[in-house]
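Work through the three exercises below. Try each task before reading its solution.

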Amino acid sequence: MLFRRTLRSSAALLALLLPFAAACGGDAEADSQADVTLRVGATGWKTEEAILKYADLDDTPYKVKWSLFQGGDQQLQAIRAGALDLASSSEIPPIFAAADGSPNFKVVAVQKGATLNQEVVVPKGSKVTDIAGLKGKKVGYVQNTTAHYFLYELLKQAGLKWSDVDAKPLLPNDGLAALNGGSIDAFASYGTSIITAHQQGATTVGSGKDILSGNFLWSARDNVLDSPAQKAAAADLIARITKAYAYVRDGHEDGFAKVTADATHQPLAQAKKDLVAAQAQRPTEARTVGDDTIASQQKVADVFTELGALKEHLDVKSFWTTDLNAELKKAL
């Protein structure tokens with residue numbers, strides 16, 4: 001039943017997006033950045049929009065329309081449906097979005113970021129204390145995301161197969177409800193959902209912190225790359241986000257921690273602790289596409305082939321491009 005609910009959620013998302021996409025085609029014919037509106041995805045809460053405003057870097061010469069999603073996988077669905085121009089995600093959602101062999105997007109840049117709050121948690125009072133203890137248990141996970149990947153790798157490290165657990169694909173909010181309601185024994189997720197789970201008494205039994213690469217990808221619709229004005233706007237926006245994080249690290253953590261606490265409904269002290277820890281682990285900053293970033297995603301894709309989630313080998317370099325490299329270098 002949980003799996004069917006997930007499928008219904010995805011179908012409902014696409015049903016909503018398709019008419020929106022038809023009504024709001026991109027700005028492929030825009031002559032200048034003033035004519036451009038970039039439709040950009042965000043996950044969890046609109047962190048990027050908030051940090052640009054906090055750093056006074058939201059005065060873009062183009063318009064930005066931010067849309068919130070529960071995961072990068074939904075952002076890539078929106079890209080495929082033509083309802084987003086730029087999607088931000090881990091390495092994993094573009095793999096599945098491209099698996100049919102005819103993607104309408106390219107990965108154009110990489111944003112290095114922290115891999116904290118990527119965890120497998122159990123509810124308050126659970127007797128499970130480690131990943132090995134999940135054998136035979138119902139384990140929720142966010143399908144086709146980092147959670148899917150690190151759960152598989154953690155099970156393997158513990159000597160377990162995927163088939164040793166009763167894996168349930170769930171969206172973050174559904175997973176939290178299932179965890180608290182007792183219909184699953186553990187939940188593999190990320191970001192705000194993990195923060196909330198801990199607030200509700202959950203404890204960590206496994207972490208993807210040292211499993212994940214910290215490469216987060218910017219994917220752009222092909223139409224964006226066909227428009228010089230949209231390309232310039234995309235490069236500028238990605239660079240501004242890097243500069244905004246640098247501003248926060250330069251002695252402005254307290255203010256942005258308050259913004260974060262208000263948005264995520266957590267104590268200010270905890271928000272600051274998480275912010276400082278994340279930037280200490282791996283400062284958030286953009287970089288251009290290179291052979292090493294493509295190789296990193298290929299390794300992840302090969303794991304999903306091994307898992308059986310991909311039916312056949314996928315050559316990921318087919319949906320990467322260096323077309324934004326020059327403009328992004330200049331903007332940074």
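**Exercise 1: a glutamine in a helix**

Gln230 is found in helix H9 (residues 228–249). Helices are DSSP runs of H or I with at least four residues, strands are runs of E with at least two, and both are numbered from the N terminus. This is a predicted model: local features need pLDDT of at least 70, side-chain atom pairs count only at pLDDT 80 or more, and totals for chains, interfaces and linings use all residues. Residues are numbered from 1 along each chain as its sequence is written, and side-chain values use heavy atoms, with hydrogens and water left out.

Task: decide whether Gln230 is buried or exposed.

Solution. Take the cut-offs: buried is under 20% relative accessible area, exposed over 50%, partly exposed in between (1.4 Å probe, protein chains only). Gln230 has 0% relative accessibility, so it counts as buried. Next, check a distant partner in sequence: Ala34 is 196 residues apart along the chain, and the two C-alpha atoms are separated by 10.0 Å.

**Exercise 2: the span of H12**

Task: test the span of helix H12 (residues 291–307) against 1.5 Å a residue.

Solution. The expected span is 1.5 Å times one less than the number of residues. For the 17 residues of H12 that gives 24 Å. The end C-alpha atoms are 25 Å apart, which agrees. Just after H12, Gly308 takes a positive phi of about 95 degrees.

**Exercise 3: the packing of H12**

Task: find what the buried residues of H12 pack against.

Solution. Start with the buried residues, including Ile294, Val300 and Phe304. Then list their partners: helices H4 (93–97) and H5 (146–157), and strands S4 (105–112), S10 (215–221) and S11 (285–287). Contact here means heavy atoms within 4.5 Å.
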